[in-house]
Amino acid sequence: MTTDAAVPDWEMRFRAPRVSLPDWAEDAPDRALFVSNATGTYELYAWDRSSGRQRQVTDRPNGTTDGVLTPDGEAVWWFSDTDGDEFGVWMRQPFGGGEDEPAAPGLAPSYPAGLAIGRDGSAVIGRSTDEDGTTVHLVPTPGGEPVEIYRHRESAGVGDLSHDGTLIALEHTEHGDAMHSALRVVRPDGSTVAELDDTEGGTKELGLAVLGFAPVAGDTRLLVGHQRRGRWEPMIWDPVAGTETVLPVDLPGDVGAEWYPDGSALLVEHSFEARSELWRYEPGAPAPVRVETPAGTVSGATARPDGTVEYLWSSAERPPVVRSTSGAVVLDPPGAKAPASVPVEDAWVEGPGGRIHALVQKPATGEGPFPTIFEIHGGPTWHDSDAFASGPAAWVDHGFAVVRVNYRGSTGYGRAWTDALKHRVGLIELEDIAAVRDWSVASGLADPERLVLAGGSWGGYLTLLGLGTQPDSWALGLAAVPVADYVTAYHDEMEALKAMDRTLLGGTPEEVPERFEASSPLTYVDAVRAPLYISAGVNDPRCPIRQVENYVDRLAARGAVHEVYRYDAGHGSLVVEERIKQVRLELEFALKHLEGGAVVGAPGPEAA
């Protein structure tokens with residue numbers, strides 16, 4: 001229940017102070033770094049765990065979330081862009097406070113492509129620009145002159161740096177498939193030590209990922225993720241010895257891992273059917289051992305030097321909390337707690353490409369059919385899970401059922417499900433969404449006259465595409481930071497996303513114009529009949545504003561019912577009040593256009 005009658009629960013969920021899982025310095029584990037919205041904007045905070053002292057590291061109008069501690073804990077590196085455009089430079093600030101300074105003054109602004117900091121003060125910095133593609137630079141000393149050690153037009157990134165700083169792991173897509181990386185380990189001079197490529201030169205769709213070097217001096221083992229058995233699993237690769245060690249971690253779904261601090265074991269993160277759990281595996285053991293966590297979603301975990309595990313946990317019903325396997329709450333921000341929501345229910349629906357998993361939340365009171373919002377996740381290579389989300393909870397508070405669909409292209413259901421998203425981009429996902437829509441109506445959950453298609457980023461793209469290709473299926477659309485005009489979006493977006501689009505669609509707009517046309521919402525804009533609300537960030541490098549304006553101009557030219565909200569940030573906002581404003585505008589638009597605002601179970605105007 002709301003503790004302040006003047007503030008509705010849905011707003012309190014956004015305003016409640018939150019913290020991320022604290023990251024800690026490898027050689028100074030009492031020094032930690034986390035993200036919090038305590039000031040109303042998400043910023044970085046330093047935490048001296050021995051004294052309990054916390055201090056705010058960054059303070060910028062549009063927030064800051066990208067930061068890392070040096071191994072000795074003496075400094076914080078944080079990424080400085082301009083108003084959320086993701087284009088900038090790394091800055092460096094003493095852990096105890098002081099002036100910021102450019103961490104690598106010899107490097108011009110870019111999009112970030114990975115960072116690894118050595119114990120000797122060196123750093124390996126990945127950069128991405130439209131002009132140069134990806135470059136990787138070694139900065140031998142703090143503030144020293146950077147030396148380029150890698151360059152390629154295709155996307156790549158820095159994976160990790162070995163304990164002694166003599167090996168650098170890179171992920172790259174030189175073969176042209178941005179969805180499936182290969183690995184290369186190089187020396188600080190850029191010379192190659194070893195390669196690992198499961199794509200066989202781009203002819204095979206198997207990816208690899210850097211999970212981290214062993215945290216022990218002289219140990220050259222690298223923990224990597226692979227897809228050789230149809231899902232993500234960890235294995236140990238020694239690029240110097242040339243050996244690969246398969247791990248008997250036979251769990252369904254996707255499996256990731258990281259090292260315990262002494263290198264003696266692996267902390268295994270297991271994701272299956274929208275939930276996740278933790279396991280401990282000691283190399284050479286016959287099987288992993290369960291690390292007990294509550295049912296729900298573990299959004300991140302780390303093993304501490306004393307062997308305890310700290311993890312960020314939530315469920316659709318319960319707000320996030322940083323817990324420890326010791327039983328303690330690790331980091332509890334002061335202030336009002338977020339009100340709980342309702343639990344999520346699973347729905348499995350037969351679709352054209354196989355069984356589709358959907359997550360359903362519905363109001364605690366009242367009987368269906370409900371006005372129903374299909375809240376479509378972004379990515380597209382991502383998935384919705386049984387985790388706390390303030391946006392869906394707000395719709396439930398207003399009498400809506402919420403359906404979230406893990407369509408083909410989503411992660412967590414095996415490589416084949418993710419990789420099914422090729423060439424008929426957008427149309428494939430909408431086939432799955434349509435199947436779940438039909439189920440929701442037939443089951444009595446959803447009112448077919450009050451169905452809302454909504455989402456942000458790729459979910460916003462699918463919203464626009466769905467309103468144009470399925471105009472009879474939806475009563476209303478809400479699209480945040482969407483792809484609206486695919487051709488213009490391709491030419492304006494950041495280079496790494498161009499590479500992803502070439503992979504998804506099989507080429508550039510000039511090479512496969514028919515595929516871009518078939519997958520572009522702009523192609524179907526004149527068929528859109530449902531009232532449509534669009535929000536967009538004017539500094540967005542992922543779904544740039546020009547292509548949104550092209551789409552809006554077409555709506556306006558024929559007098560279509562629509563509203564547009566433009567805000568001064570990038571691909572979303574890190575400012576709490578701005579996020580609340582956006583949700584409020586979406587709610588008001590929906591309530592106004594769905595039967596004049598008559599929604600069963602919705603609170604009165606003073607609460608909404």
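This report describes two open sheets in a predicted model and the strand pairing within them.

The model is predicted, with local features requiring pLDDT of at least 70, side-chain atom pairs counting only at pLDDT 80 or more, and totals for chains, interfaces and linings using all residues. Residues are numbered from 1 along each chain as its sequence is written, and side-chain values use heavy atoms, with hydrogens and water left out.

Strands are DSSP runs (E, at least two residues), numbered from the N terminus; two of them pair if DSSP finds at least two bridges between them. Strands of a sheet pair through backbone hydrogen bonds, either parallel or antiparallel.

One open sheet consists of 4 strands in the order S17-S18-S19-S20, with antiparallel pairing. Strand S17 (208-213) and strand S20 (243-246) form its edges; each has a single partner strand, so one side of each lacks a neighbour in the sheet. On average, neighbouring strands of this sheet are turned by 30° against each other, direction ignored (axes are lines fitted to C-alpha atoms, and angles run from 0 to 180 degrees between N-to-C directions). Within the pairing of S17 and S18, Phe 213 has Leu 222 in S18 as its bridge partner.

Another open sheet has 4 antiparallel strands ordered S21-S22-S23-S24. Its edge strands are S21 (254-259) and S24 (289-291), each of which pairs on one side only. Here too, the average turn between neighbouring strands is 30°, direction ignored. Gly 256 lies opposite Glu 269 in S22.

The table lists two strand pairs.

| Strand pair | Residues of second strand | Sense | Bridges |
|---|---|---|---|
| S17 and S18 | residues 222-226 | antiparallel | 5 bridges |
| S21 and S22 | residues 266-272 | antiparallel | 6 bridges |
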